[in-house]
Each structure stands twice: as C-alpha cells, then as structure tokens.
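Work through these exercises with the model open beside you. Try each task before you read its solution.

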Amino acid sequence: MAEIAAQPFPFAFKPRTMALVVIDMQRDFAEPGGFGASLGNDVSRVTAIVPTVKRLIEGFRAAGLPVIHTMECHRADLSDLPPSKRSRGNPSIRIGDVGPMGRVLIVGEPGTAILDELAPLPGEIVIEKPGKGAFYATSFGEDLKRLGAEQLVFAGVTTEVCVQTTMREANDRGYECLLAEDATESYFPEFKTAAIAMIRAQGAIVGWTATTDQVLEGIANA
C-alpha cells in the first residue's frame with residue numbers, strides 16, 4: 001500500500017478511494033469588500049494560499065480523483081439561517097445584507113461564488129452548506145458514499161472553523177482524514193497552529209496533516 005509522508009505518522013493511501021474536499025474558497029472570505037473583511041480580518045492570508053490550493057486541485061484532477069467543493073451560503077429568504085447566527089457579533093454587514101458583492105452569503109450572489117482560479121469544473125460536486133460542517137443539512141454524506149470514498153484530503157478556510165468541523169464530522173463517520181497544511185488558512189495564525197495540533201494529537205485523533213507536495217507525491221507514487 002502506498003503512503004503519504006504525514007504527521008503524526010505516514011498516511012496509508014488507498015488508490016481510488018480518496019477525494020479532495022475544498023472548503024469555502026469563496027470571494028466573500030478572500031476578497032476586500034467581502035464578509036470576511038467586514039469582520040476586520042486580513043483576507044490576504046486567504047488569498048495567499050490560492051496558488052497552492054489550485055495546484056492541489058489540479059493534481060487530483062490529473063490523477064482522476066474526485067474534487068468536491070463546499071460553499072457556506074443561505075437561501076434568499078433566510079429560512080435556513082438561524083437568527084442566532086445572523087445576529088452574532090457586531091459586523092458592519094450581516095448575512096443577508098447587501099454588501100459590495102451582493103447579498104452576503106446568499107446563494108447565487110457574486111460574493112458567495114468560489115474564486116475564479118479555483119472554480120469547479122462541470123460535473124464536480126458543489127455542496128451548498130448552511131452550517132460550518134459540510135454534512136449538516138446537505139447531500140455530502142450521500143455523495144461520498146456514491147463516490148465510494150473512504151479517505152478525504154481537506155483544503156480551504158478557515159482551518160479552525162469550517163475545515164476542522166467537517167474533518168471532525170467525517171472522522172466520526174469513519175473516514176480517514178488528511179489536512180493539507182499549506183492549502184488551508186485562518187485569519188488568525190495562532191488558531192491555525194492550534195487546530196493542526198488538535199487534529200493530529202493523540203495518534204491522529206481527528207486526522208493526519210501533510211504538505212501539498214507530500215500529498216501529490218504520494219498520489220503520484222501510488
């Protein structure tokens with residue numbers, strides 16, 4: 001069996017059962033004027049990982065392995081947006097409000113879209129999720145079963161929120177999870193560091209971590 005060099009120990013790679021999950025690489029989280037910036041965050045940290053995420057996506061496509069994209073978003077009538085989520089904090093604009101890129105995190109709005117550089121190809125699965133985790137109120141679980149996926153590689157934002165939440169959910173459902181460390185990011189570097197440590201603590205209690213180069217090398221040698 002092929003291996004991917006990873007922490008805390010090598011990840012045993014099962015060819016044809018692995019999928020890449022790219023979490024929430026959306027304009028609202030990565031561009032000036034978007035929702036992330038409205039919360040006072042430095043979105044350049046997210047923009048900086050785009051080339052690495054793109055390389056990871058292209059590597060999976062070249063290997064014929066599935067790429068799944070997620071988008072955090074809500075219905076136009078806000079029927080799937082809990083009031084507690086909309087009212088939390090003190091942002092300059094709230095989910096559903098009109099911002100510089102349309103209504104914030106609403107399906108079909110310009111700011112909700114995945115970045116052009118990372119746009120899904122026709123036929124790739126796109127999960128529109130109203131929560132932090134990709135399994136909640138979506139078809140994600142059924143899609144993974146249909147693909148025959150057993151192992152998931154994760155990229156995207158933010159490491160400690162939507163990425164880690166989905167990894168934990170996947171781990172509970174029996175998937176072997178690996179985080180591409182340099183293809184994920186947080187607005188807070190210390191949060192990313194802590195999330196990575198939690199994921200691979202206690203013998204990969206949530207999952208493994210590796211660099212994009214390590215992941216792609218493992219796939220190439222499988």
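**Exercise 1. Which residues are linked with Lys 14 in a network of salt bridges?**

Solution. This is a predicted model. Start from Lys 14 and look for carboxylates. Glu 150 and Glu 176 are linked with Lys 14 in the network. Now extend the search to the whole model. With a cut-off of 4 Å between a side-chain nitrogen of Lys or Arg and a carboxyl oxygen of Asp or Glu, the count comes to 13 salt bridges.

**Exercise 2. Find the salt-bridge partner of Asp 24, and explain why the pair ties together separate parts of the chain.**

Solution. Step one: find the partner. The side chain of Asp 24 meets that of Lys 129, with N to O at 2.9 Å. Step two: place both residues. Asp 24 sits in the loop between β3 and α1, and Lys 129 in strand β7, so the salt bridge ties together parts that are 105 residues apart in sequence. Step three: check burial, which needs under 20% relative accessible area. Asp 24 is at 0% and counts as buried. Lys 129 is also at 0% and counts as buried.

**Exercise 3. Is Arg 200 buried or partly exposed, and which residue is its salt-bridge partner?**

Solution. Take the partner first. Arg 200 bridges to Glu 181, with the closest N and O atoms 3.1 Å apart. Arg 200 belongs to helix α8 and Glu 181 to strand β9, 19 residues apart. Next, read the accessibilities. Arg 200 has 27% and counts as partly exposed. Glu 181 has 21% and is partly exposed.

**Exercise 4. Trace the strand order of the open sheet, then locate its edges.**

Solution. Read across the six strands: β7-β4-β3-β8-β9-β10, with parallel pairing. The edges are β7 and β10, each of which pairs on one side only. Neighbouring strands are turned by 25° against each other on average, direction ignored. Now check the neighbours of β3. Six bridges pair β3 with β8, where Val 21 stands opposite Phe 154. Four bridges join β3 to β4, where Val 22 faces His 69.

**Exercise 5. Which residues of β3 are buried on each side?**

Solution. Begin with the general rule. Side chains in a regular strand alternate between the two faces of the sheet. Then sort the residues of β3. Met 18, Leu 20 and Val 22 lie on one side, Ala 19, Val 21 and Ile 23 on the other, and all are buried. Finally, look for a covering helix. Helix α6 lies across β3, β4, β7 and β8, running at about 160° to β7.

Notes
Residues numbered from 1 in each chain as written. Predicted model: local features only at pLDDT ≥ 70, side-chain atom pairs only at ≥ 80, totals over all residues. Heavy atoms only, no water. Buried < 20%, exposed > 50% of the residue type's maximum accessible area, 1.4 Å probe, protein only. Helix = DSSP H or I, 4+ residues; strand = E, 2+ residues; numbered from the N terminus. Pairing = 2+ DSSP bridges. Axes fitted to C-alpha atoms, helices over the stretch in contact; angles between N-to-C directions. Contact = heavy atoms within 4.5 Å.
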